[in-house]
Amino acid sequence: MASAVPAPNADPLSVWRKRLLGVSLPAVADAAAWKALRDDAADLDAVQPGIELDLPVALSLMVEACRSPRIAANLSGLQHVLRMLGSDALKLRMQRWQAGHLDPGKPDHLRALQAMATSRLACLFHARWMRHGRVADAEQRMWITALLGVARWKLPLVDTDLAREIERRVVAGERRQAVERSVLGFDLDALNVLHLEDLGFVDARSMAGRARLSPAQMAAAARRARADDIPEPLPPQLARVLREPLVSCSLAYALALETQVGWHSTRCRRLVGAAATCLNRAADGVLNDLHRAAIEASGETLYTRGLLAPAARLIRIPAGRTVSQPPASRAASPAATASSAPAPPAARRRTQQVRPASGQAVERSGPAAAAFPERCRAQGFSALPEFLRAAAAFLVDAGLPRFALFLRMRQPDRTAVYFTQGFSDASAVRSTSLSSLDGTLLERLIADPRAAYLITPSQVDSVRGKLPEALSGWPPAGGFIIATIQASERPMGFWWADAGEGAAQTDARQFLAVRQMASVFGAEFTRLVRLQRSAAPRRP
């Protein structure tokens with residue numbers, strides 16, 4: 001969007017206040033969703049969920065409500081706004097909508113959608129937290145959480161290139177607030193407060209002040225995070241700060257901003273710890289809420305058009321993965337044991353192949369194979385190739401000679417085969433890569449670090465359509481088993497195992513064996529990857 005060049009001595013904040021005020025946010029709803037909103041406008045209860053999902057529409061209604069002093073002074077959320085406006089005024093507003101509709105094919109619209117998707121994710125984070133207690137103002141706090149991001153929604157529509165530069169540097173590892181100050185010359189959160197005041201939210205300054213945690217307070221709260229639900233006394237000054245109800249709003253939004261880049265950073269862990277202390281809950285419980293909210297957000301298709309779904313960033317491969325594909329001559333053999341997608345350039349120089357020891361077949365079975373889970377718990381493996389051979393032997397011994405291990409690659413939207421055996425077309429299986437798990441059975445599977453599913457013969461046909469297209473031809477008539485693998489309670493991939501085409505039905509005994517193996521696999525795998533990485537020679 002073109003804008004006038006500001007005077008040389010103009011105050012940047014004043015200039016940007018005018019620029020943001022001149023921008024109208026397009027509705028997120030596509031044609032079908034917009035028609036549903038208009039059709040339901042006469043029924044406030046029916047239309048509220050749709051408007052709640054469309055942040056620009058909800059914002060416009062709140063701005064209109066703020067023009068009435070009797071509403072503005074006591075605004076408590078969208079439900080309050082709808083009741084005060086009434087169905088006739090709402091219907092008229094929908095008919096006269098002039099801001100247009102978001103088009104993800106336009107770069108500025110796509111970046112605005114990303115910013116709004118982040119706020120929507122923050123709202124879902126906060127809503128999950130509020131379910132754990134009786135909170136009278138839960139809806140109001142959720143909308144305050146949304147309003148914290150309005151300036152970031154509009155920024156791409158004012159200056160697309162500038163917004164792109166900010167995101168590029170944030171993805172590269174720089175802190176968002178520091179980048180924004182560097183690029184804009186001021187704090188974007190401060191601009192957001194001024195913009196909300198310009199829109200008519202008279203309490204915006206007070207609201208932002210109450211929600212804010214200083215870096216020192218954030219660090220202190222994070223240090224007090226605990227692993228259980230047993231309350232511990234906090235220093236009086238910190239306890240007083242964390243008793244402010246709106247602090248949870250800023251924490252939810254900060255976590256949404258951070259997790260939209262990645263879930264595994266030190267800052268993300270600190271924010272989870274601070275939120276856990278603020279909410280007086282165990283850190284693992286708070287993190288579980290965040291994961292579930294990310295999965296819920298990934299199902300809201302209006303906010304995932306052209307974007308990576310939030311849940312796709314949940315799982316990653318450990319940083320030290322260095323195993324490469326075996327030679328083609330071995331890959332064609334039923335005894336082929338290892339594969340991987342090409343490693344990033346930085347990792348290729350340390351790759352090594354996984355091969356059985358001379359004269360030793362991978363498909364062996366017996367007591368040694370059955371002892372695999374115990375050896376994992378005892379950290380009884382000394383090298384990754386030995387570990388993978390033992391995992392293969394365990395599955396074969398369980399009557400599941402066909403299997404594949406999928407791991408999340410370094411690209412957060414990609415899951416690929418890392419290790420496989422028993423498929424007739426070994427080369428094709430080794431090259432299998434899933435660009436997205438959204439909307440599939442696997443999305444639900446890997447959202448839970450301890451999930452495992454036994455798909456029986458009667459379920460195969462119905463489940464086939466719930467698999468990614470690349471796997472739709474994999475299920476044999478006898479059924480199959482899929483199970484999440486995890487390290488430190490965080491999912492990192494999954495196993496697929498079956499008895500092969502023409503084999504007997506996969507049964508409960510095999511399911512229990514795979515679930516037992518999967519539950520201990522991730523921790524030992526991660527340990528051995530790190531061990532291999534530390535032992536690898538370094539280039540001068």
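Q: Two strands count as paired if DSSP finds at least two bridges between them, where strands (E, at least two residues) and helices (H or I, at least four residues) are DSSP runs numbered from the N terminus; what makes strand 3 and strand 4 a pair?
A: Strand 3 and strand 4 are joined by 6 bridges in the antiparallel sense, so the requirement of at least two bridges is met. One of these links is between Leu-407 and its bridge partner in strand 4, Ala-416. This is a predicted model, in which local features need pLDDT of at least 70 and side-chain atom pairs count only at pLDDT 80 or more, while totals for chains, interfaces and linings use all residues. Residues are numbered from 1 along each chain as its sequence is written, and side-chain values use heavy atoms, with hydrogens and water left out.

Q: What makes strand 5 and strand 6 the edge strands of the sheet?
A: The open sheet has 6 strands in the order 5-4-3-8-7-6, with antiparallel pairing. Strand 5 (433-434) and strand 6 (452-455) each pair on one side only, and are the edge strands. Within that order, strand 3 pairs with strand 8 over 6 antiparallel bridges, with Phe-494 of strand 8 as the bridge partner of Phe-406, and strand 7 (residues 480-487) pairs with strand 8 (residues 490-498) over 7 antiparallel bridges.

Q: How do you know that helix 23 packs on the sheet, and which strands does helix 23 touch?
A: Helix 23 touches strand 3 (402-408), strand 4 (415-421) and strand 8, a contact being heavy atoms within 4.5 Å. The direction of helix 23 makes about 70° with that of strand 4, given axes that are lines fitted to C-alpha atoms (for helices over the stretch in contact) and angles that run from 0 to 180 degrees between N-to-C directions.

Q: Why is Asn-192 called buried or exposed, and which residues does Asn-192 touch?
A: Asn-192, in helix 12 (residues 188-199), has 4% relative accessibility and therefore counts as buried, the cut-offs being under 20% relative accessible area for buried, over 50% for exposed and in between for partly exposed (1.4 Å probe, protein chains only). Leaving aside residues up to four places away in sequence, Asn-192 touches Leu-147, Leu-148, Gly-149, Val-150 and Ala-151.

Q: What makes strand 3 mostly covered?
A: In strand 3, 7 of its 7 residues are buried. Arg-402, Ala-404, Phe-406 and Arg-408 point one way from the strand, and Phe-403, Leu-405 and Leu-407 point the other way.

Q: Why is Asn-280 called buried, exposed or partly exposed?
A: Because its relative accessibility is 41%, Asn-280 counts as partly exposed. Asn-280 is found in the loop between helix 17 (266-279) and helix 18 (283-298), and its phi is near 60°, a positive value in a residue other than glycine. Most residues other than glycine have a negative phi.

Q: What makes an internal space a cavity, and how many of 30 Å³ or more are there?
A: On a 1 Å grid over the protein atoms alone, a cavity is a set of points where a 1.4 Å probe fits but cannot get out, and lining residues have an atom within 4 Å of a point. Grid points are joined across faces, edges and corners, and a volume is the space filled by probe spheres set on the points. The count is 4 cavities of 30 Å³ or more, and the largest cavity holds about 80 Å³ of space. Its lining has 13 residues, with Ala-117, Gln-260, Ala-297, Tyr-303 and Pro-310 nearest the centre.

Note on methods:
On a 1 Å grid over the protein atoms alone, a cavity is a set of points where a 1.4 Å probe fits but cannot get out, and a pocket is an open set with protein on both sides within 12 Å along at least five of seven lines; lining residues have an atom within 4 Å of a point.
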